[in-house]
Each structure stands twice: as C-alpha cells, then as structure tokens.
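Please open the model in your viewer and keep the selection tool at hand, as this tour moves from one selection to the next.

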Amino acid sequence: MEFDTLFGKVVTREVATSLQRSHSVLLKDNMHLKPLFEWLRNLNIRSVEDVKSSKLAEMMKQIKFNRELKFEVDETVPMLVFRNIIPLQGDFQKGVSEYINLFYKAMYSPTDVML
C-alpha cells in the first residue's frame with residue numbers, strides 16, 4: 001500500500017491474520033526515508049515509550065489512541081512496523097501518514113514538536 005507523507009510517497013508491506021494487521025515500512029523499499037531511520041536510531045526511539053520529549057510523546061499517544069495503531073522500530077531489518085491495537089480495527093490510511101508526518105516535523109521543525 002502507498003501513503004502520502006511529508007517525505008513523499010511511502011510504500012508499505014501488509015501482513016494480516018484473523019485478528020491483527022500490520023504495515024511495515026522497510027528502508028530498502030523507501031530509501032528516501034534513510035534520514036528518518038538514522039534520526040530514530042540516534043535518539044534510541046523504538047516505540048512511543050522511548051520518546052524523551054513529553055510533547056512529542058503526547059502527540060504520538062494521540063495518534064495511537066485516535067487511529068488505534070502503535071508503531072515499533074525493527075533495527076535487524078530496518079523497518080517501521082505499524083500494528084493495530086484493537087483486533088480487526090485500526091485506521092492505517094491516516095495513522096501511518098500521521099506518524100511519519102509527525103516524525104518529519106520533529107526532525108525538521110523540532111521547536112514545534114519537541115519542546
């Protein structure tokens with residue numbers, strides 16, 4: 001599936017079971033996201049719980065609550081994984097874009113998001 005973000009088009013790979021769905025954003029499919037992956041690695045962010053900025057963490061929790069999605073960073077195979085929280089739910093179309101756009105803003109306009 002493709003999502004429009006501030007970084008441009010992002011391609012995901014979808015996996016679904018009877019109760020859980022996930023979309024993975026692999027670095028090798030989205031080389032234009034390399035700065036994002038490096039930024040996440042430098043800040044040691046692997047999930048919402050790892051975010052040190054309370055404002056950014058709160059914004060991410062809002063996306064998690066509103067879109068019923070959580071995200072994780074897998075460094076073994078560089079990828080962002082977005083999973084539904086509630087079985088058979090989750091607004092991936094909006095949630096994936098919102099998370100990635102929030103990362104973009106945190107990277108390039110940190111005063112708006114990080115303080």
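Begin with the start of the chain, in what is a predicted model, and select strands β1 and β2, which are joined by a hairpin through 2 residues. β1 covers residues 2-5 and β2 covers residues 8-11, and the two strands run antiparallel, with 4 bridges joining them. If you now show Asp 4 of β1 together with Lys 9 of β2, you will find that they stand opposite each other.

Stay with β1 and display its side chains, which alternate along the strand. Phe 3 and Thr 5 point to one face and are buried, whereas Glu 2 and Asp 4 point to the other face and are not buried. In a regular strand, such alternation between the two faces of the sheet is what the side chains show.

Next, select residues 54-67, which form helix α2, a run of 14 residues that reaches 20 Å from its first C-alpha to its last, close to the 20 Å expected at 1.5 Å a residue. Which residues of α2 are buried? Colour Leu 56, Ala 57, Met 60, Ile 63 and Arg 67, for these are the buried ones. Turn the view until you look down the axis of α2: the buried residues fall within an arc of 120°, so they line one face of the helix.

On the face of α2 turned away from that buried side, select Ser 54 and Phe 65, which are exposed. To see what covers the buried residues of α2, add several elements to the display, including α1 (34-42), β5 (69-74), α3 (92-108) and α4 (110-113). Finally, step to Glu 68, which follows α2 and has a positive phi, near 60°.

Methods:
Residues are numbered from 1 along each chain as its sequence is written. This is a predicted model: local features need pLDDT of at least 70, side-chain atom pairs count only at pLDDT 80 or more; totals for chains, interfaces and linings use all residues. Side-chain values use heavy atoms; hydrogens and water are left out. The expected span of a helix is 1.5 Å times one less than its number of residues. Buried means under 20% relative accessible area, exposed over 50%, partly exposed in between (1.4 Å probe, protein chains only). The arc is that of the directions from the helix axis to the C-beta atoms. Contact means heavy atoms within 4.5 Å. Two strands pair if DSSP finds at least two bridges between them.
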